[in-house]
Structure formats: structure tokens, C-alpha cells
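Reader: I've just opened this one and I'm new to it. Could you walk me through the empty spaces and the ligand?

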Amino acid sequence: SMNGYEHYMLKEIHEQPDSLRNAMRGRLNDEDATAVFGGLNLTPQQLRGVERIILTGCGTSWHSALVGEYMIEEFARIPVCVEYASELRYRNPPIENNTLVFGITQSGETADTLAALNETKRKGHRTLALCNVVGSSIAQAADGGIYLHAGPEIGVASTKAYSSQCCVLAMLSLYFGRMRHMSFESGGRIIEELRRLPAAVEQALTCDSEVRRIASKYAEASNVLYLGRRYNFPTALEGALKLKEISYIHAEGYPAAEMKHGPIALVDKHTPSVFIMPRGTTYDKVMSNMEEVKARGGPVIAVASHEEAQIRRIADEVIMIPEVPEFLQPIVSAIPLQLLSYHIAVLRGCDVDKPRNLAKSVTVE
Ligand code: F6R
């Protein structure tokens with residue numbers, strides 16, 4: 001049931017503190033300062049020997065793969081490739097020995113992801129599923145895997161599955177990191193940061209009424225740009241996809257610094273830009289990107305973690321989210337973007353849980 005929520009999507013957005021707790025339950029080990037997973041079906045020797053990881057999936061699951069790439073490379077220093085499943089299966093790229101292939105999927109039924117895993121498995125590579133639906137086709141086809149335990153996701157737009165995918169990928173990076181060079185202290189710190197995540201997401205959800213107000217100002221837009229860097233670049237893609245699929249507004253996500261190489265030509269007074277800019281490594285750079293957009297007359301919505309006069313001066317709207325370490329920002333910063341697309345879609349009279357032309361699991365190529 002919808003538990004008093006008007007749509008499944010809204011219910012699932014609000015479930016995220018719990019679905020994240022469920023993703024972590026029993027998987028954080030303080031004694032060894034690492035993560036533990038039951039179903040990888042690989043020996044410690046096989047895992048230690050992994051020299052490359054391929055992350056593959058479609059749509060939102062491909063976005064969490066991009067987040068996973070940044071996490072695994074930062075914490076485990078293992079080279080990662082992210083591939084659209086639909087491209088991987090026909091592109092026939094050379095894949096080195098000791099490559100581990102992860103299929104990321106909520107439904108476990110996406111035809112392209114299943115085919116990409118089967119094709120790499122046929123070539124003799126180890127395949128794992130990062131999957132929500134227990135016993136699904138992809139869960140069965142892979143050599144092993146990790147379940148998200150997010151509970152059923154009914155709304156067609158993926159929300160809680162996305163945050164759980166990012167969370168499991170963070171634990172996976174911790175796990176691979178601790179197998180290699182990561183110290184006990186660093187592992188322990190990451191565990192603590194993960195444990196604080198559900199509360200941070202809970203706090204992020206309190207932006208709901210502010211986001212609804214902002215949604216009513218911009219619901220008539222025909223184009224929206226989403227901009228962010230590093231860990232918030234996939235968030236920009238995800239925010240744009242959410243808006244497109246349920247409100248039918250054209251939206252694009254870009255790494256903020258790519259703006260000046262073309263997309264900035266789209267900026268005018270009818271085209272809002274959403275800047276995802278919690279404080280971090282590229283904060284000042286994104287601030288100047290935002291200034292460039294503002295100077296060209298584009299309305300600006302900033303998603304920020306700190307009250308700051310400079311942001312208030314440049315941005316037309318500011319949505320506050322709690323401060324978390326950079327690798328967890330994609331999970332927290334996705335919250336206002338999910339809510340923004342939700343409220344805009346409702347205001348436009350769209351069928352939020354069942355958008356036109358879309359199915360919950362895409363079992364055709
Ligand atoms: C976006 C969305 C789709 C799915 C994609 C993959 O909100 O729901 O883009 O993410 O079809 O589906 P799964 O994860 O089930 O393989």
C-alpha cells in the first residue's frame with residue numbers, strides 16, 4: 001500500500017533512510033574495519049587478484065555505476081570501466097584476465113544487462129549481480145552477487161534502488177580497499193560515515209516543502225540543465241533523467257565544467273540550471289560556473305551544504321542538504337532532485353508512478 005502517500009514514488013523517496021539501513025545491515029564489520037558480503041562466491045585469493053572491474057547496467061543503474069567507478073578507484077585503486085549494458089554486449093571489447101564484471105540492476109530482469117553478463121560469462125570472466133529483486137533472472141545468471149534489500153520498488157522512476165546501489169558500491173569499495181592498501185583507521189572512518197548516512201538522508205528529506213515551492217516556480221520550463229562535478233556529476237545525470245521520465249521536460253546533465261564547451265549556448269531566462277554543489281574539492285570551480293550561467297540570464301537553483309552569502313547572492317533558489325563526505329554526496333544530493341522531479345510532475349498533471357512509454361522492467365532489447 002502507499003501508506004498515506006499520494007504516490008508510490010513519494011513513499012519510496014521517503015523510505016530511503018530505512019532502505020539504506022537495510023542495505024548495510026550485517027555488512028559492516030568493526031573488528032576488521034571492512035564490509036562483509038555473503039554471496040560473492042569467490043575465494044579471498046580470487047578477489048585479491050582482481051585487476052580490473054567492469055560495472056554495467058542501464059538507465060539509473062548505469063548512473064550508480066558511474067558513482068561506483070569513482071568510489072572504487074578512490075578507495076581500492078582498482079581501475080574501473082563503466083559500460084552501458086546495451087553497448088557492452090555488442091561492442092565486443094577486449095577484456096583482460098582477472099576482470100570482475102558487475103551487472104547493476106534493480107529488477108534483475110533488464111534484457112540488455114542480462115545479455116551483457118551472459119556474454120562476458122561465456123568468455124570466461126567472473127560475473128556478479130548487484131540486484132534488488134531476489135531470485136530474478138540476473139541474480140540467477142551471475143556467479144554470485146549482493147542484494148540491495150531495498151524492498152519492492154513500485155514507482156517506475158527508480159529512487160530508493162539508486163541510493164541503495166550507491167551504498168552497496170561504497171561498501172564494496174571499502175571491502176576491496178581493505179584487501180589492499182587501506183588502513184584499519186581509514187576503514188573504521190568509512191564505516192562510521194556510512195552509519196551516519198541514514199540520518200543525513202532523513203535530514204535531507206526535510207527540504208520537501210521548500211522543493212515543492214521551487215517546483216511551482218519552474219514547472220512550466222521546457223528545458224532544464226543539471227550540473228555537478230566529480231561525485232555529483234552522476235547526480236546531475238540522474239536528476240535530469242528523473243525530470244525527463246516523469247514530467248516530460250527535456251533535461252540534460254553535464255559535468256559543470258563542460259558547460260563552456262557548448263551547452264552554455266542553451267542558457268536563457270527560460271532555462272533553469274540546477275547546480276549540485278555541496279562543499280568539496282571542486283566547490284570554488286562550480287561556484288564560478290554558476291556565476292557564468294547567472295551572468296547569461298539563466299535562473300539558477302543551487303543544492304548546497306553550507307549557508308553562504310555568495311551562493312545566496314548568485315542563485316535564485318537554494319536547497320540545503322546536510323554535509324557528508326564527498327563519496328556519500330551522490331546519495332544525499334539525489335534526494336532534492338528526486339523530490340523536484342516528483343513535485344513538478346504532479347503539478348503538470350503527469351502520471352508519476354506510470355509515466356507514458358515506460359515499463360518498470362525492460363525485458364526487450
Ligand atoms: C530510471 C529507471 C530506468 C532503469 C533502467 C534499468 O528511473 O527506472 O532507467 O534504471 O531501466 O533498470 P534495472 O535497474 O531494473 O535494470
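Author: Sure, and keep in mind that this is a predicted model. One term before we start: a cavity is a set of grid points where a 1.4 Å probe fits but cannot get out, whereas a pocket is an open set with protein on both sides within 12 Å along at least five of seven lines.

Reader: How many cavities of 30 Å³ or more does that rule give?

Author: Rolling a probe the size of a water molecule over the atoms shows where empty space is left. Keep the enclosed spaces of 30 Å³ or more, and the count comes to 2 cavities.

Reader: What is the volume of the largest cavity, and which residues lie nearest its centre?

Author: The largest cavity holds about 100 Å³ of space. Its lining divides into 6 nonpolar, 6 polar and 4 charged residues. That makes 16 lining residues, and those nearest the centre are Arg229, Asn232, Pro278, Thr282 and Gln329.

Reader: And the second largest cavity: how many nonpolar, polar and charged residues are in its lining?

Author: This one has about 50 Å³ of space. Its lining is Tyr218, Ala221, Val224, Tyr226, Leu243, Pro272, Ile301, Leu340 and Ile344. Strand S8 (223-228) and helix H14 (329-347) are the elements that give two or more residues to this lining. Sort the lining by class and you get 9 nonpolar, no polar and no charged residues.

Reader: Now the open spaces. Which residues lie closest to the centre of the largest pocket?

Author: The largest pocket has about 530 Å³ of space. It is lined by 28 residues, and the closest to its centre are Cys58, Gly59, Thr60, Lys360 and Val362.

Reader: Which elements each supply at least two residues of that pocket's lining?

Author: By class, the lining of the largest pocket has 12 nonpolar, 11 polar and 5 charged residues. The elements that each supply at least two of the lining residues are helix H4 (59-75), along with helix H5 (85-91), strand S5 (99-105), helix H6 (111-122) and H11.

Reader: Where does the ligand sit?

Author: Start with the 14 residues that surround it, the closest being Ser61, Thr105, Ser107, Thr110 and Glu245. By class, that shell has 4 nonpolar, 8 polar and 2 charged residues. As for its place, the ligand sits in the largest pocket.

Reader: How much of the ligand's exposed area does the protein bury?

Author: Look at the polar contacts first: a polar side-chain atom of Ser61 is 2.6 Å from a ligand oxygen. A backbone N or O atom of Gln106 lies 2.7 Å from an oxygen atom of the ligand, and an N or O atom in the Ser107 side chain is also 2.7 Å from a ligand oxygen. Taken alone the ligand exposes 400 Å², and the share the protein buries is 90%.

Methods. Residues numbered from 1 in each chain as written. Predicted model: local features only at pLDDT ≥ 70, side-chain atom pairs only at ≥ 80, totals over all residues. Heavy atoms only, no water. Near = heavy atom within 4 Å. Polar contact = N/O pair within 3.5 Å; in protein donor to acceptor, adjacent residues only side chain to side chain. Areas by Shrake-Rupley, 256 points an atom, 1.4 Å probe, with all protein chains shown as cover. 1 Å grid on protein atoms, 1.4 Å probe; cavity = no way out; pocket = protein on both sides within 12 Å on 5 of 7 lines; lining within 4 Å. Sits in = over half its atoms within 2 Å of the grid points. Helix = DSSP H or I, 4+ residues; strand = E, 2+ residues; numbered from the N terminus. Nonpolar A, V, L, I, M, F, W, Y, C, P; charged D, E, K, R; others polar. Points joined across faces, edges and corners; volume = space filled by probe spheres on them.
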